[in-house]
Amino acid sequence: MESKEEDVNVGANKFPERQPIGTAAQTESKDYKEPPPAPFFERGELKSWSFYRAGIAEFIATFLFLYITVLTVMGVKRAPNMCASVGIQGIAWAFGGMIFALVYCTAGVSGGHINPAVTFGLFLARKLSLTRALYYIIMQCLGAICGAGVVKGFQPGLYQANGGGANVVAHGYTKGSGLGAEIIGTFVLVYTVFSATDAKRSARDSHVPILAPLPIGFAVFLVHLATIPITGTGINPARSLGAAIIYNKGHAWDDHWIFWVGPFIGAALAALYHQIVIRAIPFKSKT
């Protein structure tokens, strides 16, 4: 019996936890060691299949994102009233739900950006090279254009008659209001991305990497609930560009600059806030 008890004790302690979890992790005195910043330009990436595979994943994800979300918008627009469709809440769920699903599917391949503003924020934080950032943004925009194009191909008359899902500043709001809504909305999204994928938190709490797509998708959902009445909610320049190009009517381009400038400013502010205030990276001793 004693030998059996000894075997049980040895077995129980044979594979100890590599990282403390929960509140135990918060008592660790040793700080997490930051990974080195990504190089500004990495020539070796251009010779790697994983680099091109990641871009293809971004293209497909953004294509699917625009296809489902713009199709949902068209369904709401064609309904005689909001009660006869999923309404604004349904549109918000479509955007947030697709981001949740697509980030989950592509995070292991490309990081699951699906948004030039997210890519820009991560680039400013030195999480990826300029080469990869530009490549991602191009593939995201191409995917968005194709996704909106397929929706128009299904129902061209309905698509053109109902605005094509293009982002515009709504009547009663100024351009400044629209720009502010895009800046704050993108800040919420990119700040959530940084927090949900924080390397220190991932090392401390083993459950976070699995749940990371959930808060990101939920942030997109909440921002859409708040800003659909103002701008239709851009917070994603590729999404705005794809819908504008396929719809291609004058008023879709009048305020289009807002849906690039706003998200990029919001992403930059979120990156600075997370890196400087939350993580205090510039103030850590380099030992």
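Here are some notes on this predicted model, going from the overall fold to individual residues.

1. **Overall make-up.** The chain is built from 14 helices and zero strands, so there is no surprise in the order of elements along the sequence, which reads α-α-α-α-α-α-α-α-α-α-α-α-α-α. Of its 287 residues, 45% count as buried. The accessible surface is about 15,100 Å², and carbon and sulfur atoms supply 65% of that. If you look at contacts with a separation of 6 or more, 80% of them are between residues 24 or more positions apart.

2. **Record versus model.** An unreviewed UniProt entry puts "transmembrane region" at residues 51-70, 90-112, 133-151, 178-196, 208-230 and 257-278. I looked at two of these spans. Residues 51-70 are 100% helix and 0% strand, with the end C-alpha atoms 29 Å apart. Residues 90-112 come out at 74% helix and 0% strand, and there the end C-alpha atoms are 23 Å apart.

3. **The E45–R132 pair.** How many salt bridges does the chain have? The count comes to two. One of them joins R132 to E45, with the closest N and O atoms 2.9 Å apart. R132 sits in helix α6 (residues 130-154) and E45 in the loop between α2 (23-26) and α3 (49-78), so this pair ties together parts that are 87 residues apart in sequence. Both partners are covered: R132 is buried at 17% relative accessibility, and E45 is buried at 9%.

4. **The K175–D255 pair.** K175 and D255 also form a salt bridge, and their closest N and O atoms are 2.3 Å apart. K175 belongs to helix α8 (residues 175-196), while D255 is in the loop between α13 and α14, so the pair links parts 80 residues apart in sequence. Are the two residues buried or exposed? K175 is partly exposed, with a relative accessible area of 42%, whereas D255 counts as buried at 8%.

5. **H256, next along the loop.** H256 is placed in the loop between α13 (250-254) and α14. With a relative accessible area of 9%, H256 is buried, because the cut-off is under 20%. Which residues does H256 contact once its neighbours within four places in sequence are set aside? They are S240, L241 and A244, and these three are listed among the buried residues of α12.

6. **Helix α12.** This helix covers residues 237-247 and is mostly covered, with ten of its eleven residues buried. The buried set is P237, A238, R239, S240, L241, G242, A243, A244, I246 and Y247. At the N-terminal end, N236 acts as the cap: one of its side-chain oxygens lies 3.1 Å from the backbone nitrogen of A238. After the helix comes N248, which has a positive phi, near 55°.

7. **Q160 against α12.** Q160 is in helix α7 (residues 156-161) and is buried, with a relative accessible area of 18%. Leaving out residues up to four places away in sequence, Q160 touches K152, I246, Y247 and K249. Of these, I246 and Y247 are among the buried residues of α12. Q160 and I246 are 86 residues apart in sequence, yet their C-alpha atoms are 9.2 Å apart in space.

8. **T192 in α8.** T192 lies in helix α8 and counts as buried at 17% relative accessibility. Where does its side chain go? It reaches the backbone oxygen of V188 at 2.6 Å. An α-helix has 3.6 residues a turn, so residues three or four places apart point the same way. Beyond residues up to four places away in sequence, T192 touches P215, I216 and A219.

9. **A nonpolar patch.** W257, V261, I265, L269, L272, Y273, I276, V277, I278 and F283 together make a nonpolar surface patch of about 900 Å². One of them, L269, lies in helix α14 (residues 258-278). L269 is partly exposed, with a relative accessible area of 40%. When checking this patch against the record, note that the unreviewed UniProt entry gives 257-278 as one of its "transmembrane region" spans.

How values were computed
Residues are numbered from 1 along each chain as its sequence is written. This is a predicted model: local features need pLDDT of at least 70, side-chain atom pairs count only at pLDDT 80 or more; totals for chains, interfaces and linings use all residues. Side-chain values use heavy atoms; hydrogens and water are left out. Buried means under 20% relative accessible area, exposed over 50%, partly exposed in between (1.4 Å probe, protein chains only). Helices (H or I, at least four residues) and strands (E, at least two) are DSSP runs, numbered from the N terminus. A polar contact is a pair of N or O atoms within 3.5 Å; within protein, one must be able to donate a hydrogen and the other to accept it, and residues adjacent in sequence count only if both atoms are side-chain atoms. Patches are made of residues with over 30% relative accessible area and no salt bridge: like charges are joined within 9 Å, nonpolar side chains (Val, Leu, Ile, Met, Phe, Trp, Tyr) within 5 Å. Accessible areas come from the Shrake-Rupley method with a 1.4 Å probe; for residues, only the protein chains shown count as cover. A salt bridge is a side-chain nitrogen of Lys or Arg within 4 Å of a carboxyl oxygen of Asp or Glu. Contact means heavy atoms within 4.5 Å. UniProt positions are given in the numbering used here, feature names are shortened, and annotations may be inferred rather than shown by experiment.
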